[in-house]
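Biologist: I am new to this structure and should like to be guided through it. May we proceed by question and answer?

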Amino acid sequence: MKKIWSIVFFLCLIVSVSVSGETVPDKKKNNQYLSATSAYVMSHVSNPVYGSVGGEWLVMGLARSGKLRAEYGLRYQKQLKQTVIQCKGRLSERKYTEYARVVIALTAMGENPENFHGYNLLKPLAELEQVKRQGPNGVIYTLIALDCGNYTNPVPEDSYQGEVTTREKLVEVIVKGELEDGGWAFSGKKADADMTAMVIQALAPYYNKNQKVKKAVDHGLSALSKLQLEDGSFATGPYKTCESTAQVLTALSELRISLRDPRFVKKGKTVFDGLLQYYKNGGFLHQSGGEINEMATEQALYALVAYQRCLEGKNRLYQMSDAAKVVMPKVSSSKEETKQYKEVSTLLQETSTKAFMEKKEEPFVEAKDSGEQTTEETKEITKKQKTNEQKTTGVTASVNEVVTMEETAIEEKTEEQKRFNGEKKENSSENTLWFWGIGSFVILGGGIGTYWKFFKKDNVSKE
């Protein structure tokens, strides 16, 4: 009897100190986060434009998730068309990631960047010397841009006399950039999580085809494992951020690496746990304790998309042969669909208004994807976005999306979604830890009492 009570006691103690949480969410749970984040970005960025924030990464993530509203995607394309025609196809003379980013976004929406209103936006990427001017960042995204649509290597203008871009040269430059600790960095001699994860994303298509690439990527994974913090998140430099964690989740998803992989589980916390600490009301914070940040939200969005596609066995995030062209759907006028449309639109409008009222002015944080834009350019983009947010009064949704949006509405009625919307304490893991901590104390006390009653008391009487 004594042995049985001892076993029960210790089992209860083990259970009590375990922290429950969504360490490895399934398709349904991850899609709940994805639906909420998609609804958030489309309601807070009413006019997506050409730019690294509120532009290409945003529409790319939405398109790859299948949650991009047709009128929203076409609105972006209209804005981009005006920009491209105005600058006659020359998006930048020094930052060639501008071309790569636009190519990726257009490909995700089923458009042809080699002939976008008469302009070949892949052509400038043929100038390898210009591509390399931005360091590893330029090379990485040029490779992703070429591979996302399986495009042929572009041919430069006749006036260009420098080295011409090929996939082989891009891969070679990236592999040679590996640091002694096995990772990559934008600058310096120590690997950083952002750049190492981006490199792995770019090299993913070559992992099983090239031994040098495989070796380099494996080194990069080992470097990331060492950089992972105890809460599952990642940092670049002294600050842990949502963006760094999102890039790692994207990289692991591109390589189809399980979140349960022991290399990326620290004290029971996975990369997904690390990302969730930044989640708030559909958006994501740049750093814990801050306010919702657009760049962080967009990067988290496509990280969730990459993970969802991994779970569903679909093409990788950047393997876009399955991309569909954005067209306006025919809207049905059935009474049931109209009723669903009104219910979901009202719910999202209330959620949007609540999130907007809670939003506070936050200090400017420079873009993590170094080299894509200057601080002043990012400030201007942020200013325009805030103006757009103030003009946003609600959300318009096409009837074809009602089922997806209605799913979000149902989710918000559950206890988990109540936690998302701030109706409970935002840090559920802390609440759970307190709960089980108190439970441990009660169980421990009961165990000691039982021990004294049944065993110690008997021993005393025998003496």
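The following exchange concerns a predicted model.

Biologist: In which helix is V213 found, and is V213 buried or exposed?
Modeller: V213 is found in helix α10, residues 211-227. Burial requires a relative accessibility under 20%. Because V213 has a relative accessibility of 1%, V213 counts as buried.

Biologist: Which residues does V213 touch, not counting residues up to four places away in sequence?
Modeller: Contact here means heavy atoms within 4.5 Å. With residues up to four places away in sequence not counted, the residues that V213 touches are V171, V175, L203, Y206 and Y207.

Biologist: Against which helices do the buried residues of α10 pack?
Modeller: The buried residues of α10 include V213, A216, V217, G220, L221 and L224. They pack against α8 (167-176), α9 (193-203) and α11 (242-254).

Biologist: What span should α10 have, and how far apart are its end C-alpha atoms?
Modeller: The helix has 17 residues, and the expected rise is 1.5 Å a residue, so α10 should span 24 Å. This agrees with the distance between its end C-alpha atoms, which is 24 Å.

Biologist: Which residue caps the N-terminal end of α10?
Modeller: A side-chain oxygen lies 2.9 Å from the backbone nitrogen of K212. The capping residue that supplies this oxygen is N210.

Biologist: Which helix gives the largest share of the largest nonpolar core?
Modeller: That core has 99 residues, and M60, I104, I140, F284 and Y318 have the most contacts inside it. The largest share of the core is 9 residues, and these come from helix α13 (residues 294-311).

Notes:
Residues numbered from 1 in each chain as written. Predicted model: local features only at pLDDT ≥ 70, side-chain atom pairs only at ≥ 80, totals over all residues. Heavy atoms only, no water. Helix = DSSP H or I, 4+ residues; strand = E, 2+ residues; numbered from the N terminus. Buried < 20%, exposed > 50% of the residue type's maximum accessible area, 1.4 Å probe, protein only. Core = buried A, V, L, I, M, F, W, Y, C linked by side-chain atoms within 4.5 Å. Expected span 1.5 Å × (residues − 1). Polar contact = N/O pair within 3.5 Å; in protein donor to acceptor, adjacent residues only side chain to side chain.
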